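Open the model in your viewer and keep the selection panel at hand. The tour below goes stop by stop, saying what to select and what is there.

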Amino acid sequence: GLCVIVASCGPSSRGRDRGGDDDDDSADDDDGSGDDDDGPSVQGPTDILLVVDNSNSMQQIQEELAADLAPLVAELVASEVDFQLGVTTTDVDNGGNGNQGNIRSLDGADCGNPTIIHPDSQDPLGELVDLVLVGVEGTGSERGTYAAALALCKGKSEAWWSQLEDLPDQSPVKQVCSLIPSAQQGCNQGFFREGAASVVVM
């Protein structure tokens, strides 16, 4: 299954465009129960990170995921949402394209030049299929949540990094991001945009 984590929020709404009776409290229910059949509707710029397991038993799962991507991409494009899509893996122990929270690149780069899929991409579905087929040479010690946290850190601007030391020592953000070598701090720059909703899918 897929787990969706909203990592940071920009403009969003829940069930605003479904129509129907304005007095229906279920459309604006904010109790987090997840009973809205249509799920959350995100409006405005949205950056979506897919974390794909690349351990040695995941080949069939990756192929099934790739085969199921067409409706997702079609819905995103049709929605006219200003989206960005990127892919990283669950391997944070080894270097390589897409590992250690680095967003995968179709040119094979370990760090930098992440492949970012957006509404104007020439072949968004084809690119995403290529990106999610991450292989099965990753560590068996999958750490998807940590990989997502590293990816978020590496998407921050130089100005943000210059202020990291000002955060309290007990800040989880500081504790995670300060572990990243300076040479890798900008690996994902350009993916996580200021003011956009950041969504992690695992």
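## Stop 1: Val 132 and the cores

Select Val 132 and show its surroundings: leaving out residues up to four places away in sequence, Val 132 touches Leu 50, Val 52, Gln 62, Leu 65, Ala 66, Leu 69 and Val 87. Bear in mind throughout that this is a predicted model.

Widen the selection to the nonpolar core. The largest one has 18 residues, and Val 132 is among those with the most contacts inside it, together with Ile 48, Leu 50, Leu 85, Val 87 and Leu 128. To see where this core comes from, colour β2, α2 (69-79), β3, α3 and β4, each of which supplies at least two of its residues. Then pick Ala 147, Leu 150, Trp 161 and Ile 180, which are included in a second, separate core of nine residues.

## Stop 2: Asp 47 and Arg 193

Now turn to charged side chains. Side chains of opposite charge can pair when their charged atoms come close. How many salt bridges does the structure hold? There are four.

Select Asp 47 and Arg 193, whose side chains meet in a salt bridge with an N to O distance of 2.7 Å. Asp 47 sits in strand β2 (residues 46-52) and Arg 193 in the loop between α6 and β4, so the pair links distant parts of the chain, 146 residues apart. Is Asp 47 buried or exposed? Asp 47 counts as buried because its relative accessibility is 0%, under the 20% cut-off. Arg 193, by contrast, has a relative accessible area of 22% and is partly exposed.

## Stop 3: Lys 174

Move to helix α6 and select Lys 174. Which acidic residues pair with Lys 174? One is Glu 165, where the closest N and O atoms of the salt bridge are 3.7 Å apart. Another is Asp 169, with a salt bridge whose closest N and O atoms are 2.8 Å apart. The side chains of Lys 174 and Asp 169 are also joined by a polar contact of 2.8 Å.

Switch on a surface to compare the partners. Lys 174 is buried, with a relative accessible area of 8%. Glu 165 is exposed at 57%, and Asp 169 is exposed at 59%. Back at the previous stop, add Asp 82 to the selection: salt bridges that share partners join Asp 47, Asp 82 and Arg 193 into one network.

Return to Lys 174 and list its contacts. Not counting residues up to four places away in sequence, Lys 174 touches Leu 164, Glu 165, Leu 167, Pro 168 and Asp 169.

## Stop 4: the disulfides

Select the bonded cysteines next. The count comes to two disulfides, and with bonded cysteines numbered along the chain they follow the pattern 1-4, 2-3.

Begin with Cys 111 and Cys 187, joined by a disulfide with an S to S distance of 1.8 Å. Cys 111 is in the loop between β3 and α3, whereas Cys 187 is in the loop between α6 (172-177) and β4 (197-201); the pair links distant parts of the chain, 76 residues apart. The torsion about the S-S bond is -100°, and the link is left-handed. The two ends can be checked on the surface: Cys 111 is partly exposed at 33% relative accessibility, while Cys 187 is buried at 2%.

Go on to Cys 153 and Cys 177, which form a disulfide with their sulfur atoms 1.9 Å apart. Cys 153 lies in helix α4 (residues 144-154) and Cys 177 in helix α6, so this disulfide ties together parts 24 residues apart in sequence. The torsion about its S-S bond is about -80°, so the disulfide of Cys 153 and Cys 177 is left-handed. Both of these cysteines are buried.

## Stop 5: Leu 106

Finish in the loop between β3 (83-89) and α3 (124-132), where Leu 106 is found. Leu 106 counts as partly exposed, with 43% relative accessibility. What does Leu 106 contact, leaving aside its neighbours within four places in sequence? The contacts are Thr 115, Glu 127, Asp 130 and Leu 131. As a last pick, draw a distance from the C-alpha atom of Leu 106 to that of Ile 116, 10 residues apart along the chain: the separation is 9.6 Å.

Key: Residues are numbered from 1 along each chain as its sequence is written. This is a predicted model: local features need pLDDT of at least 70, side-chain atom pairs count only at pLDDT 80 or more; totals for chains, interfaces and linings use all residues. Side-chain values use heavy atoms; hydrogens and water are left out. Helices (H or I, at least four residues) and strands (E, at least two) are DSSP runs, numbered from the N terminus. Buried means under 20% relative accessible area, exposed over 50%, partly exposed in between (1.4 Å probe, protein chains only). Contact means heavy atoms within 4.5 Å. A disulfide is a pair of cysteine sulfur atoms within 2.5 Å. A polar contact is a pair of N or O atoms within 3.5 Å; within protein, one must be able to donate a hydrogen and the other to accept it, and residues adjacent in sequence count only if both atoms are side-chain atoms. A nonpolar core is a set of buried Ala, Val, Leu, Ile, Met, Phe, Trp, Tyr and Cys residues joined through side-chain atoms within 4.5 Å.
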